[in-house]
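Work through the exercises below with the sequence and the model open. Each task is followed by a solution in steps.

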Amino acid sequence: QVQVVESGGNLVQPGGSLRLACAASGNIFGIYGIKWYRQAPGNQREFVAELTRNGRRDYAESVKGRFTISRDTANNTVYLVYLQMNSLRPSDTAVYYCYADTYDRSYSSWGQGTQVTVSS
């Protein structure tokens, strides 16, 4: 099993920055990659960014050039991935969820989400 916890959400002004963290524990050697999604009120959950174990990155068009996904490989007990968010817009306001994508899909797990609010 894999357990996922997000952190770092906050209230920030337009143009500001935040860094979200996704910490996956448990059977971390079974993790293929980490995906970030977000869900704004009244909207469907949408893909934001992905980083696979072998380093492949992918971003939604709406965040390209503003968001950066990275991994801290120094920790051998927790699979730690960050989402650096710059030039934030009110349209980025949402609950951000981390998804641990595992080789055995039966172990893939969601976190509980962290709230990001961009407002003046």
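A residue counts as buried under 20% relative accessible area, as exposed over 50%, and as partly exposed in between. The model used here is predicted.

**Exercise 1. Classify Trp110 by its accessibility, then describe its ring pair with Tyr97.**

Step 1. Trp110 has a relative accessibility of 39%. That value lies between the two cut-offs, so Trp110 is partly exposed.

Step 2. Tyr97 has 15% relative accessibility and is therefore buried.

Step 3. A pair of aromatic rings is described by the distance of the centres and the angle of the planes. For Tyr97 and Trp110 the centres are 6.4 Å apart and the planes stand at 90°. Planes over 60 degrees apart count as edge-to-face, so this is the class of the Tyr97 and Trp110 pair.

Step 4. Tyr97 belongs to strand β9 and Trp110 to strand β10, so the pair ties together parts 13 residues apart in sequence.

**Exercise 2. Place the Tyr97 and Trp110 rings in their surroundings.**

Step 1. Both rings are part of one aromatic cluster, which also includes Tyr37, Phe47 and Tyr99.

Step 2. The charged end of Arg45 sits over the ring of Tyr97, at 3.7 Å from the ring centre. The charged end of Arg45 also sits over the ring of Trp110, at 4.6 Å from that centre.

**Exercise 3. The whole structure holds 5 aromatic pairs; analyse the one formed by Tyr32 and Tyr103.**

Step 1. The ring centres of Tyr32 and Tyr103 are 5.7 Å apart and the planes are at 80°, so the pair is edge-to-face.

Step 2. Tyr32 is in strand β4 (residues 31-39), while Tyr103 is in the loop between β9 (94-102) and β10 (109-110), so the pair ties together parts 71 residues apart in sequence.

Step 3. Tyr32, at 30% relative accessible area, is partly exposed, and Tyr103, at 53%, is exposed.

**Exercise 4. Find the disulfide and state its handedness.**

Step 1. A search of the whole structure gives 1 disulfide. It joins Cys22 to Cys98, with an S to S distance of 1.8 Å.

Step 2. The torsion about the S-S bond of Cys22 and Cys98 is about -65°, so the disulfide is left-handed.

Step 3. Cys22 lies in strand β3 (residues 18-26) and Cys98 in strand β9, so the bond ties together parts 76 residues apart in sequence.

Step 4. Cys22 has a relative accessible area of 0% and is buried; Cys98, also at 0%, is buried.

**Exercise 5. Are the partners buried or exposed in the salt bridges Asp101 to Lys35, Glu61 to Lys64 and Asp92 to Arg66?**

Step 1. The three are among the 7 salt bridges of the structure.

Step 2. Asp101 and Lys35 meet at 3.8 Å, N to O. Asp101 lies in strand β9 and Lys35 in strand β4, so the pair ties together parts 66 residues apart in sequence. Both residues are buried.

Step 3. Glu61 and Lys64 meet at 2.8 Å, N to O. Glu61 is exposed at 62%, and Lys64 is partly exposed at 43%.

Step 4. Asp92 and Arg66 meet at 2.7 Å, N to O. Asp92 sits in the loop between β8 and β9 and Arg66 in the loop between β6 (57-59) and β7 (67-72), 26 residues apart. Asp92 is buried at 0%, and Arg66 is buried at 8%.

Step 5. Asp92 and Arg66 are linked with Arg38 and Glu46 in a network of salt bridges.

Conventions. Residues numbered from 1 in each chain as written. Predicted model: local features only at pLDDT ≥ 70, side-chain atom pairs only at ≥ 80, totals over all residues. Heavy atoms only, no water. Phe/Tyr/Trp six-rings, centres within 6.5 Å; stacked < 30°, edge-to-face > 60°. Helix = DSSP H or I, 4+ residues; strand = E, 2+ residues; numbered from the N terminus. Buried < 20%, exposed > 50% of the residue type's maximum accessible area, 1.4 Å probe, protein only. Lys NZ or Arg CZ within 6 Å of the ring centre and 35° of its normal. Disulfide = S-S within 2.5 Å. Salt bridge = Lys/Arg side-chain N within 4 Å of Asp/Glu carboxyl O.
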